[in-house]
Amino acid sequence: MEEKNMSVHFSSASNTWDTPDDFYQKLNSVWNFTLDPAAMDDTAKCEKYYTPETDGLAHSWAGETVWCNPPYGREISKWFKKFDEEFKENGTTIIALPPARTDTRYFHKFVRSSATAICFVQGRLKFDNRSLPSWKEDGSHKKTGAPFPSMVVVYDNNITPEKFEVLNSIGFVVQPFLLG
């Protein structure tokens, strides 16, 4: 990977990473998502979505089944606080795709305390990023492998065997309440 691309991956210079569609479709097949609160107009995964301009953090997600690939920059902890609040206060089902950064405060404060499952994704996901030099005006591009591991964080009071099967097909699943 070119040095310029690596610096974008490791920094918060760009926090717009398009979810790989095949990965999303596996999860959507069992959760049937209704809201993407951290989207862009051209990358939204759900019919209902919020962009940075419409601010998904400022809206209630009650009654929705949420898919969220949150911005990976410094503001990610705000998203985890929102996941925690929406799940605890409204029972909102939320599936999030952040980097697997288990050394962070937000992980210990909001993931370990309220997530119902964590799936550590096997291998590295290949994301699209429209701000990288590999993206061309005609829409052609080279997907870029993430230089970090990913995890799927699940806030769901009804994890069915089918949902566990999908999670197990993409990685190693743990339930935080079993970790203590």
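**Exercise 1.** In this predicted model, determine which residues F83 is in contact with, leaving aside its neighbours within four places in sequence.

*Solution.* Step 1: Set aside the residues within four places of F83 in sequence. Step 2: List the contacts that remain, which are W61, C68, P70, I94, A96 and Y155. Step 3: Place F83 in its wider setting. The largest nonpolar core has 46 residues, and F83 and Y155 are among those that touch the most other members. Others in this group are F23, L27, F80, V152 and L167. As a general background, nonpolar side chains in soluble globular proteins tend to be buried together.

**Exercise 2.** Decide whether I76 is buried or exposed, and identify what it touches beyond four places in sequence.

*Solution.* Step 1: Locate I76, which belongs to helix 3, residues 76-90. Step 2: Compare its relative accessible area of 5% with the limit for a buried residue, which is under 20%. I76 is therefore buried. Step 3: Name its contacts outside the excluded stretch: P70, P71, P98, P99 and Y106. Step 4: Consider one of these partners along the chain. P98 is 22 residues from I76, yet their C-alpha atoms are separated by 8.4 Å.

**Exercise 3.** Establish which strands pair with strand 5, and in which sense.

*Solution.* Step 1: Strand 5 covers residues 117-121, and four of its five residues are buried. Step 2: Four bridges join strand 5 to strand 8, residues 151-155, in an antiparallel arrangement. Within this pair, C119 stands opposite V152. Step 3: Strand 5 also pairs with strand 9, residues 171-174, again antiparallel and over four bridges. Here I118 is the residue opposite V174.

**Exercise 4.** Examine the salt bridges E85 to K81, K88 to D84 and D156 to K163, and state how accessible each partner is.

*Solution.* Step 1: Note the total, which is six salt bridges. Step 2: E85 and K81 meet at 3.3 Å, N to O. Because they are four residues apart in helix 3, about one helical turn separates them. E85 is partly exposed at 30% relative accessible area, and K81 is likewise partly exposed at 44%. Step 3: K88 and D84 meet at 3.2 Å, N to O, and they too lie four residues apart in helix 3. K88, at 53%, is exposed, whereas D84, at 9%, is buried. Step 4: In the salt bridge of D156 with K163, the closest N and O atoms are 2.9 Å apart, and both residues are buried.

How values were computed. Residues are numbered from 1 along each chain as its sequence is written. This is a predicted model: local features need pLDDT of at least 70, side-chain atom pairs count only at pLDDT 80 or more; totals for chains, interfaces and linings use all residues. Side-chain values use heavy atoms; hydrogens and water are left out. A nonpolar core is a set of buried Ala, Val, Leu, Ile, Met, Phe, Trp, Tyr and Cys residues joined through side-chain atoms within 4.5 Å. Buried means under 20% relative accessible area, exposed over 50%, partly exposed in between (1.4 Å probe, protein chains only). Contact means heavy atoms within 4.5 Å. Helices (H or I, at least four residues) and strands (E, at least two) are DSSP runs, numbered from the N terminus. Two strands pair if DSSP finds at least two bridges between them. A salt bridge is a side-chain nitrogen of Lys or Arg within 4 Å of a carboxyl oxygen of Asp or Glu.
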